[in-house]
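Work through the exercises below with the sequence and the 3D structure at hand. Each task is followed by a solution in steps.

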Amino acid sequence: MYIDVVPNCNPPPAVLLREGWREGKKTKKRTLANLSMLPPEAVDALRRALRGEVLVPAGEAFEILSARPHGHGAAVLGTLRRIGLESMLASRGSRARNLAVAMICARILEPGSKLATARGLDAKTATSTLGEELGLEAASADELYAALDWLLERQKRIEAKLAKTHLQDGTLLLYDVTSTYFEGRTCPLAAYGHNRDGKKGKLQIVFGLLCTAEGCPVAVEVFPGNTSDPKTLSSAIEKVRVGFGLRRVIMVADRGLLTEARIEAELRPTERIGWITALRAPAIQELVESGPLQLSLFDEQDLAEITAAAYPGERL
(Lines give C-alpha, C1' and ligand atoms only; values in the text may rest on other atoms or scores of the structure.)
Protein backbone atom coordinates (compact mmCIF):
# COMPACT_ATOMS: atom_id res chain seq x y z
CA MET A 1 0.00 0.00 0.00
CA TYR A 2 1.05 3.55 -0.61
CA ILE A 3 -0.30 7.08 -0.63
CA ASP A 4 -0.86 8.68 -4.01
CA VAL A 5 -1.45 12.39 -4.59
CA VAL A 6 -3.55 12.94 -7.72
CA PRO A 7 -3.82 16.47 -9.16
CA ASN A 8 -7.36 17.75 -9.78
CA CYS A 9 -8.64 20.36 -12.18
CA ASN A 10 -9.38 22.50 -9.13
CA PRO A 11 -7.10 22.39 -6.08
CA PRO A 12 -6.51 20.84 -3.69
CA PRO A 13 -5.27 17.50 -5.15
CA ALA A 14 -6.83 14.19 -4.12
CA VAL A 15 -4.91 12.18 -1.52
CA LEU A 16 -5.64 8.46 -1.99
CA LEU A 17 -4.63 5.30 -0.15
CA ARG A 18 -3.92 2.74 -2.85
CA GLU A 19 -2.79 -0.84 -3.24
CA GLY A 20 -0.66 -1.99 -6.14
CA TRP A 21 0.27 -5.45 -7.48
CA ARG A 22 1.55 -7.17 -10.63
CA GLU A 23 -0.27 -9.59 -12.90
CA GLY A 24 2.23 -10.98 -15.33
CA LYS A 25 3.91 -8.01 -16.98
CA LYS A 26 1.17 -5.57 -15.99
CA THR A 27 1.03 -3.36 -12.88
CA LYS A 28 -2.40 -2.86 -11.43
CA LYS A 29 -3.69 -0.67 -8.59
CA ARG A 30 -6.89 0.10 -6.78
CA THR A 31 -8.00 2.81 -4.38
CA LEU A 32 -8.69 1.68 -0.83
CA ALA A 33 -9.59 5.06 0.77
CA ASN A 34 -9.82 8.77 0.05
CA LEU A 35 -7.61 10.61 2.55
CA SER A 36 -8.20 14.09 1.15
CA MET A 37 -10.06 15.22 4.28
CA LEU A 38 -7.29 14.24 6.68
CA PRO A 39 -4.89 16.94 7.99
CA PRO A 40 -1.44 16.93 6.36
CA GLU A 41 0.31 15.76 9.54
CA ALA A 42 -1.96 12.68 9.73
CA VAL A 43 -1.28 11.85 6.07
CA ASP A 44 2.46 12.21 6.68
CA ALA A 45 2.33 9.95 9.75
CA LEU A 46 0.47 7.27 7.72
CA ARG A 47 2.97 7.59 4.85
CA ARG A 48 5.87 7.06 7.24
CA ALA A 49 4.16 4.09 8.88
CA LEU A 50 3.62 2.46 5.48
CA ARG A 51 7.35 2.84 4.85
CA GLY A 52 8.08 0.85 7.98
CA GLU A 53 9.19 3.69 10.25
CA VAL A 54 8.54 3.25 13.98
CA LEU A 55 6.55 6.22 15.24
CA VAL A 56 6.75 7.10 18.94
CA PRO A 57 5.43 10.06 20.98
CA ALA A 58 7.79 13.05 21.06
CA GLY A 59 8.14 12.70 24.84
CA GLU A 60 9.57 9.21 24.40
CA ALA A 61 11.83 10.03 21.46
CA PHE A 62 13.83 12.75 23.26
CA GLU A 63 15.52 12.99 26.62
CA ILE A 64 15.54 16.52 28.06
CA LEU A 65 18.93 17.05 29.71
CA SER A 66 18.47 20.74 30.55
CA ALA A 67 16.17 23.62 29.70
CA ARG A 68 17.34 27.20 30.12
CA PRO A 69 15.32 30.38 29.57
CA HIS A 70 16.40 32.24 26.45
CA GLY A 71 14.05 35.11 25.61
CA HIS A 72 14.90 37.63 28.32
CA GLY A 73 18.66 37.19 27.84
CA ALA A 74 18.34 37.46 24.07
CA ALA A 75 16.27 40.64 24.44
CA VAL A 76 18.85 42.36 26.68
CA LEU A 77 21.85 41.22 24.66
CA GLY A 78 20.16 42.14 21.37
CA THR A 79 19.28 45.62 22.63
CA LEU A 80 22.83 46.15 23.92
CA ARG A 81 24.21 45.27 20.50
CA ARG A 82 21.62 47.33 18.65
CA ILE A 83 22.58 50.54 20.48
CA GLY A 84 26.26 49.90 19.75
CA LEU A 85 27.46 49.41 23.32
CA GLU A 86 29.69 46.49 22.42
CA SER A 87 31.70 48.57 19.94
CA MET A 88 31.97 51.38 22.49
CA LEU A 89 33.62 49.01 24.95
CA ALA A 90 36.06 47.81 22.26
CA SER A 91 36.02 47.86 18.49
CA ARG A 92 37.21 44.25 18.28
CA GLY A 93 35.66 41.24 19.91
CA SER A 94 37.54 39.52 22.73
CA ARG A 95 36.87 37.38 25.76
CA ALA A 96 37.40 40.40 28.03
CA ARG A 97 34.76 42.35 26.10
CA ASN A 98 32.34 39.42 26.26
CA LEU A 99 32.87 39.18 30.02
CA ALA A 100 32.11 42.89 30.39
CA VAL A 101 28.99 42.54 28.25
CA ALA A 102 27.89 39.55 30.33
CA MET A 103 28.21 41.56 33.55
CA ILE A 104 26.16 44.42 32.08
CA CYS A 105 23.43 42.00 31.00
CA ALA A 106 23.53 40.21 34.36
CA ARG A 107 22.98 43.50 36.23
CA ILE A 108 19.73 43.88 34.29
CA LEU A 109 18.60 40.24 34.28
CA GLU A 110 19.58 39.06 37.75
CA PRO A 111 21.76 41.43 39.83
CA GLY A 112 24.15 39.60 42.11
CA SER A 113 27.76 39.10 43.09
CA LYS A 114 30.49 38.25 40.59
CA LEU A 115 30.42 34.68 41.88
CA ALA A 116 26.66 34.49 41.28
CA THR A 117 27.14 35.91 37.78
CA ALA A 118 29.83 33.32 37.02
CA ARG A 119 27.51 30.53 38.16
CA GLY A 120 24.74 31.94 35.97
CA LEU A 121 27.06 31.70 32.95
CA ASP A 122 28.53 28.26 33.64
CA ALA A 123 27.05 25.50 31.48
CA LYS A 124 26.38 23.28 34.53
CA THR A 125 24.60 25.92 36.62
CA ALA A 126 23.42 28.40 33.97
CA THR A 127 20.14 30.22 34.57
CA SER A 128 19.85 31.43 30.96
CA THR A 129 21.51 31.01 27.56
CA LEU A 130 23.58 34.20 28.03
CA GLY A 131 26.82 32.29 28.65
CA GLU A 132 26.23 30.14 25.58
CA GLU A 133 25.46 33.16 23.39
CA LEU A 134 28.69 34.89 24.47
CA GLY A 135 30.88 31.78 24.54
CA LEU A 136 31.40 32.07 28.31
CA GLU A 137 30.15 28.71 29.55
CA ALA A 138 33.24 28.27 31.74
CA ALA A 139 33.78 31.80 33.09
CA SER A 140 35.06 32.24 36.65
CA ALA A 141 34.56 35.01 39.20
CA ASP A 142 38.29 35.85 38.95
CA GLU A 143 37.90 36.39 35.21
CA LEU A 144 35.00 38.77 35.83
CA TYR A 145 37.07 40.81 38.27
CA ALA A 146 39.92 40.89 35.74
CA ALA A 147 37.48 42.17 33.12
CA LEU A 148 36.68 45.09 35.43
CA ASP A 149 40.39 45.99 35.42
CA TRP A 150 40.29 45.76 31.62
CA LEU A 151 37.35 48.17 31.60
CA LEU A 152 39.14 50.59 33.92
CA GLU A 153 42.08 50.79 31.52
CA ARG A 154 39.68 51.70 28.71
CA GLN A 155 37.50 54.12 30.70
CA LYS A 156 38.78 57.34 29.12
CA ARG A 157 38.29 55.99 25.60
CA ILE A 158 34.81 54.69 26.39
CA GLU A 159 33.76 58.01 27.93
CA ALA A 160 35.19 59.92 24.97
CA LYS A 161 33.10 57.78 22.59
CA LEU A 162 29.98 58.35 24.67
CA ALA A 163 30.61 62.10 24.79
CA LYS A 164 31.17 62.26 21.04
CA THR A 165 27.91 60.41 20.45
CA HIS A 166 25.68 62.19 22.96
CA LEU A 167 27.18 65.63 23.73
CA GLN A 168 27.78 68.83 21.83
CA ASP A 169 28.60 72.46 22.61
CA GLY A 170 25.80 74.28 24.38
CA THR A 171 24.33 71.10 25.86
CA LEU A 172 22.96 70.55 29.35
CA LEU A 173 24.98 68.25 31.61
CA LEU A 174 23.40 66.69 34.68
CA TYR A 175 25.83 66.04 37.52
CA ASP A 176 25.25 64.42 40.88
CA VAL A 177 27.22 62.65 43.59
CA THR A 178 26.38 59.78 45.90
CA SER A 179 28.21 57.28 48.07
CA THR A 180 28.02 53.63 49.04
CA TYR A 181 29.41 51.79 52.03
CA PHE A 182 32.33 49.46 51.56
CA GLU A 183 33.13 46.07 53.07
CA GLY A 184 36.80 45.36 53.62
CA ARG A 185 39.94 47.26 54.61
CA THR A 186 42.21 47.24 51.57
CA CYS A 187 40.56 49.71 49.14
CA PRO A 188 42.77 52.84 48.96
CA LEU A 189 39.71 55.05 48.35
CA ALA A 190 37.59 53.72 51.23
CA ALA A 191 37.28 56.21 54.09
CA TYR A 192 34.83 57.40 56.72
CA GLY A 193 32.52 60.17 55.57
CA HIS A 194 28.93 61.37 55.41
CA ASN A 195 27.11 58.05 55.07
CA ARG A 196 23.94 58.16 52.95
CA ASP A 197 23.25 54.46 53.51
CA GLY A 198 22.77 54.78 57.25
CA LYS A 199 25.55 52.22 57.84
CA LYS A 200 27.36 53.60 60.87
CA GLY A 201 30.98 52.63 61.30
CA LYS A 202 31.41 51.56 57.67
CA LEU A 203 34.04 52.81 55.26
CA GLN A 204 32.64 54.22 52.04
CA ILE A 205 33.50 55.51 48.58
CA VAL A 206 32.05 58.54 46.79
CA PHE A 207 31.31 58.67 43.08
CA GLY A 208 30.07 61.34 40.72
CA LEU A 209 28.03 60.73 37.56
CA LEU A 210 27.73 62.94 34.47
CA CYS A 211 24.60 62.44 32.36
CA THR A 212 23.04 63.98 29.29
CA ALA A 213 19.82 66.00 29.58
CA GLU A 214 17.94 62.76 28.79
CA GLY A 215 19.66 60.93 31.65
CA CYS A 216 22.11 58.87 29.57
CA PRO A 217 25.30 58.24 31.63
CA VAL A 218 28.43 59.59 29.97
CA ALA A 219 31.16 59.53 32.63
CA VAL A 220 31.73 58.38 36.18
CA GLU A 221 34.53 59.02 38.66
CA VAL A 222 35.22 57.52 42.08
CA PHE A 223 36.56 59.63 44.97
CA PRO A 224 37.78 58.89 48.50
CA GLY A 225 34.93 58.29 50.92
CA ASN A 226 35.64 61.46 52.91
CA THR A 227 35.34 63.78 49.87
CA SER A 228 32.61 66.40 50.20
CA ASP A 229 30.23 66.76 47.25
CA PRO A 230 31.33 70.27 46.14
CA LYS A 231 34.99 69.23 45.95
CA THR A 232 34.19 66.77 43.15
CA LEU A 233 32.98 69.56 40.86
CA SER A 234 36.41 70.66 39.64
CA SER A 235 37.18 67.15 38.40
CA ALA A 236 33.89 67.03 36.47
CA ILE A 237 34.58 70.42 34.86
CA GLU A 238 38.11 69.32 33.89
CA LYS A 239 36.71 66.18 32.26
CA VAL A 240 34.17 68.19 30.29
CA ARG A 241 36.59 70.86 29.06
CA VAL A 242 39.78 68.85 28.56
CA GLY A 243 38.62 65.25 28.21
CA PHE A 244 35.60 65.95 26.01
CA GLY A 245 36.78 69.20 24.41
CA LEU A 246 33.48 71.02 25.00
CA ARG A 247 33.79 74.80 25.05
CA ARG A 248 30.29 75.74 26.19
CA VAL A 249 28.07 73.66 28.51
CA ILE A 250 25.49 74.23 31.21
CA MET A 251 25.96 72.26 34.41
CA VAL A 252 22.80 71.21 36.24
CA ALA A 253 23.26 70.13 39.86
CA ASP A 254 21.62 70.47 43.25
CA ARG A 255 22.45 73.19 45.75
CA GLY A 256 24.64 70.81 47.74
CA LEU A 257 27.04 70.64 44.79
CA LEU A 258 26.78 74.07 43.20
CA THR A 259 27.41 76.12 46.31
CA GLU A 260 28.00 79.85 46.06
CA ALA A 261 31.67 79.32 46.84
CA ARG A 262 32.07 76.79 44.00
CA ILE A 263 30.20 78.98 41.55
CA GLU A 264 32.49 81.92 42.30
CA ALA A 265 35.68 79.87 42.31
CA GLU A 266 35.14 77.41 39.45
CA LEU A 267 32.20 78.33 37.22
CA ARG A 268 32.05 82.09 36.96
CA PRO A 269 35.76 82.51 36.02
CA THR A 270 35.41 80.13 33.05
CA GLU A 271 32.77 82.37 31.40
CA ARG A 272 31.79 79.50 29.11
CA ILE A 273 30.25 77.17 31.68
CA GLY A 274 26.75 78.11 32.78
CA TRP A 275 24.84 76.54 35.62
CA ILE A 276 21.37 75.72 36.85
CA THR A 277 20.86 75.01 40.53
CA ALA A 278 18.52 75.76 43.45
CA LEU A 279 18.65 78.39 46.17
CA ARG A 280 18.73 77.42 49.81
CA ALA A 281 15.75 78.24 52.05
CA PRO A 282 17.32 81.33 53.72
CA ALA A 283 18.12 82.85 50.31
CA ILE A 284 14.57 82.23 49.08
CA GLN A 285 13.16 83.80 52.25
CA GLU A 286 15.36 86.85 51.75
CA LEU A 287 14.07 87.28 48.19
CA VAL A 288 10.48 87.00 49.38
CA GLU A 289 11.02 89.64 52.04
CA SER A 290 13.06 92.02 49.88
CA GLY A 291 10.54 92.19 47.05
CA PRO A 292 12.02 90.71 43.80
CA LEU A 293 10.19 87.42 44.28
CA GLN A 294 6.45 87.96 43.90
CA LEU A 295 4.46 84.79 44.43
CA SER A 296 1.68 86.15 42.21
CA LEU A 297 4.01 85.69 39.22
CA PHE A 298 3.40 81.94 39.49
CA ASP A 299 -0.40 82.11 39.49
CA GLU A 300 -1.02 81.90 35.73
CA GLN A 301 1.98 80.27 34.06
CA ASP A 302 3.67 78.47 36.96
CA LEU A 303 6.95 80.03 35.88
CA ALA A 304 8.69 83.28 36.64
CA GLU A 305 12.10 84.68 35.80
CA ILE A 306 13.48 87.49 37.95
CA THR A 307 16.74 89.26 38.67
CA ALA A 308 18.01 90.43 42.04
CA ALA A 309 20.86 92.65 43.17
CA ALA A 310 22.12 89.86 45.42
CA TYR A 311 22.75 87.70 42.31
CA PRO A 312 24.23 90.01 39.64
CA GLY A 313 24.23 88.60 36.13
CA GLU A 314 22.09 85.62 37.10
CA ARG A 315 18.51 84.67 36.28
CA LEU A 316 16.38 83.18 39.03
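**Exercise 1.** Find which strands helix 1 lies across, and give its angle to strand 1.

Solution. Step 1: helix 1 covers residues 40-50 and lies across strand 1 and strand 2. Helices (H or I, at least four residues) and strands (E, at least two) are DSSP runs, numbered from the N terminus. Step 2: helix 1 runs at about 135° to strand 1. Axes are lines fitted to C-alpha atoms, for helices over the stretch in contact (heavy atoms within 4.5 Å), and angles run from 0 to 180 degrees between N-to-C directions.

The model is predicted: local features need pLDDT of at least 70, side-chain atom pairs count only at pLDDT 80 or more, and totals for chains, interfaces and linings use all residues. Residues are numbered from 1 along each chain as its sequence is written, and side-chain values use heavy atoms, with hydrogens and water left out.

**Exercise 2.** Describe the sheet that contains strand 1, strand 2 and strand 3.

Solution. Step 1: the sheet is open, has the order 1-2-3 and is antiparallel in its pairing; two strands pair if DSSP finds at least two bridges between them. Step 2: strand 1 (2-6) and strand 3 (26-34) each have a single partner strand, so one side of each is left without a neighbour in the sheet. Step 3: from one strand to the next, the twist averages 45°. Step 4: five bridges link strand 1 to strand 2 (residues 14-23), and Val6 stands opposite Ala14 in strand 2.

**Exercise 3.** Work out the order and the edges of the sheet of five strands.

Solution. Step 1: this open sheet has the order 6-5-4-7-8, with mixed pairing. Step 2: strand 6 (217-224) and strand 8 (273-276) are the edge strands, each pairing on one side only. Step 3: strand 4 (residues 171-182) and strand 5 (residues 203-212) run antiparallel and are joined by ten bridges; Ser179 stands opposite Val206 in strand 5. Step 4: helix 9 (residues 155-166) lies across strand 5 and strand 6, at about 140° to strand 6.

**Exercise 4.** Decide whether the protein is more spread out than a compact globule or not.

Solution. Step 1: the protein has 13 helices and eight strands. Step 2: its radius of gyration, taken over C-alpha atoms, is 34 Å, well over the 20 Å from the globule rule for 316 residues, so the protein is more spread out than a compact globule. The rule is 2.2 Å times the number of residues to the power 0.38. Step 3: along the principal axes, the C-alpha atoms fill a box of roughly 120 × 55 × 35 Å.
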